[in-house]
Amino acid sequence: NTKNSKQPTTHNRRSMISTQLTIRIVLFVAISVIVMTTYSVYTIQNNITKLSMDALTDETLSCVNNLKGWINARLSFMDSVSTTIKNTKFADDAAMLKYFDAAIANEQSGASDIFIGSKDGWFLDGAGWVPEEGYDPTIRDWYKFGQDKDNMSVGSTYVDGRTNKIMITIAGKTDTNTVLSADISLDAVTSEITSMNVMNNGYAFLIEKSTGTILAHKNTDYTGKKISSLLMTLNGSTECT
């Protein structure tokens, strides 16, 4: 009897098994909850990130399309000026300058200057600038860019030394030896870019791909600077990331 009393009864064995099963079930449920919670958080984070990136992409594309539309409108304007030059016999240089002046005054054109030059040294500037004696238009960047363009085309951007504004060059041939060009102010584009509120707490800025030059930024001190030098100056700041 003493020996038998040390053995667990059937009831005790059932209790032990029940306890062990309960512990295992609780552990299994706990692990399952942790796994499911982790997966859910991961999935939600991914979904939020994707939705945010999609929204950011949509805003960026909208801005890009607006910019393309603005540039195409300026190209169309300069195409019309080029067509007029090709098809009109002006009485003299003064008559052509008068036409340039009217075109520059067009509020929708965005042109701050329109000028024309040829291989023989002839040059007219619609803004009234008179070059020094011996001025050779053929060695200028705008002429070199436009001399092989049958249609008006967008060239490089630069900071105008007189106004300190960002300009974009549009140029093309009017005949074999003559190039028509215009300086188009990017003020309208700058205003649109800098006013963009990206996802409520961000902003947009415009960079010329070929040179890395910042063309439009809400901080005007950055305009005209190279993005590479600016990032080095900021030394890892999130200001331009």
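This is a short walk through a predicted model, one selection at a time.

**Stop 1: the main core**

Start by selecting Met78, Val81, Phe100, Ile114 and Leu180. These are the residues with the most contacts inside the largest nonpolar core, which has 32 residues. To see where the rest of that core comes from, colour helix 2, helix 3 (93–105), strand 1, strand 4, strand 5 (178–185), helix 5 (187–194) and strand 9 (213–216); each of them supplies at least two core residues. Helix 2 gives the largest share, eight residues. Nonpolar side chains tend to be buried together in soluble globular proteins.

Now centre on Met78. Which residues is Met78 in contact with, once its neighbours within four places in sequence are left aside? Show Ile114, Met152, Ile170, Leu180, Ser181 and Ala182, and you have the set. Ile114 and Leu180 should still be highlighted from the core selection.

Before leaving, pick Phe115, Tyr135, Trp142 and Ala171. They are among the seven residues of another core, which lies apart from the main one.

**Stop 2: the largest pocket**

Keep Phe115, Tyr135 and Trp142 on screen and add Tyr158 and Asp183. Together these five are the closest to the centre of the largest pocket, out of 17 lining residues. The pocket has a volume of about 440 Å³. If you would rather go by element, strand 1 (111–118), strand 2 (123–125), helix 4 (141–146) and strand 3 each give two or more residues to the lining. Colour the lining by residue class and you get seven nonpolar, three polar and seven charged.

**Stop 3: the hairpin of strands 3 and 4**

Strand 3 is one of the pocket-lining elements, and it makes a good next selection. Take residues 153–159 for strand 3 and 166–175 for strand 4: the two pair antiparallel over five bridges. Which residue of strand 4 stands opposite Val154? Look across and you'll find Ile170, one of the contacts of Met78 from the first stop. The two strands form a hairpin with six residues between them, and in the turn Asn164 has a positive phi of about 60°.

**Stop 4: the second largest pocket**

Move on to Thr60, Cys63, Met196, Ala204 and Phe205. Of the 13 residues lining the second largest pocket, these are the closest to its centre. Its volume is about 260 Å³. Helix 2 (residues 10–87) provides six of the lining residues, the largest share. How does this lining divide into nonpolar, polar and charged? The count is 11 nonpolar, one polar and one charged.

**Stop 5: the cavity**

Leave Cys63 selected and add Asn66, Leu67, Trp70, Val189, Glu192 and Ile193. Those seven names line the largest cavity, which has a volume of about 40 Å³. Helix 2 and helix 5 are the elements that give two or more residues to this lining, and helix 2 gives the most, with four. By class, the lining has five nonpolar residues, one polar and one charged.

**Stop 6: the last hairpin**

Finish with strand 8 (residues 206–208) and strand 9, which run antiparallel and are joined by three bridges. Click Ile207, then its bridge partner Ile214 in strand 9. Four residues separate the strands in this hairpin, and Gly212 in the turn has a positive phi of about 75°. Strand 9 also takes you back to where you began, as it supplies at least two residues of the main core.

Key
Residues numbered from 1 in each chain as written. Predicted model: local features only at pLDDT ≥ 70, side-chain atom pairs only at ≥ 80, totals over all residues. Heavy atoms only, no water. Pairing = 2+ DSSP bridges. 1 Å grid on protein atoms, 1.4 Å probe; cavity = no way out; pocket = protein on both sides within 12 Å on 5 of 7 lines; lining within 4 Å. Points joined across faces, edges and corners; volume = space filled by probe spheres on them. Nonpolar A, V, L, I, M, F, W, Y, C, P; charged D, E, K, R; others polar. Core = buried A, V, L, I, M, F, W, Y, C linked by side-chain atoms within 4.5 Å. Buried < 20%, exposed > 50% of the residue type's maximum accessible area, 1.4 Å probe, protein only. Contact = heavy atoms within 4.5 Å.
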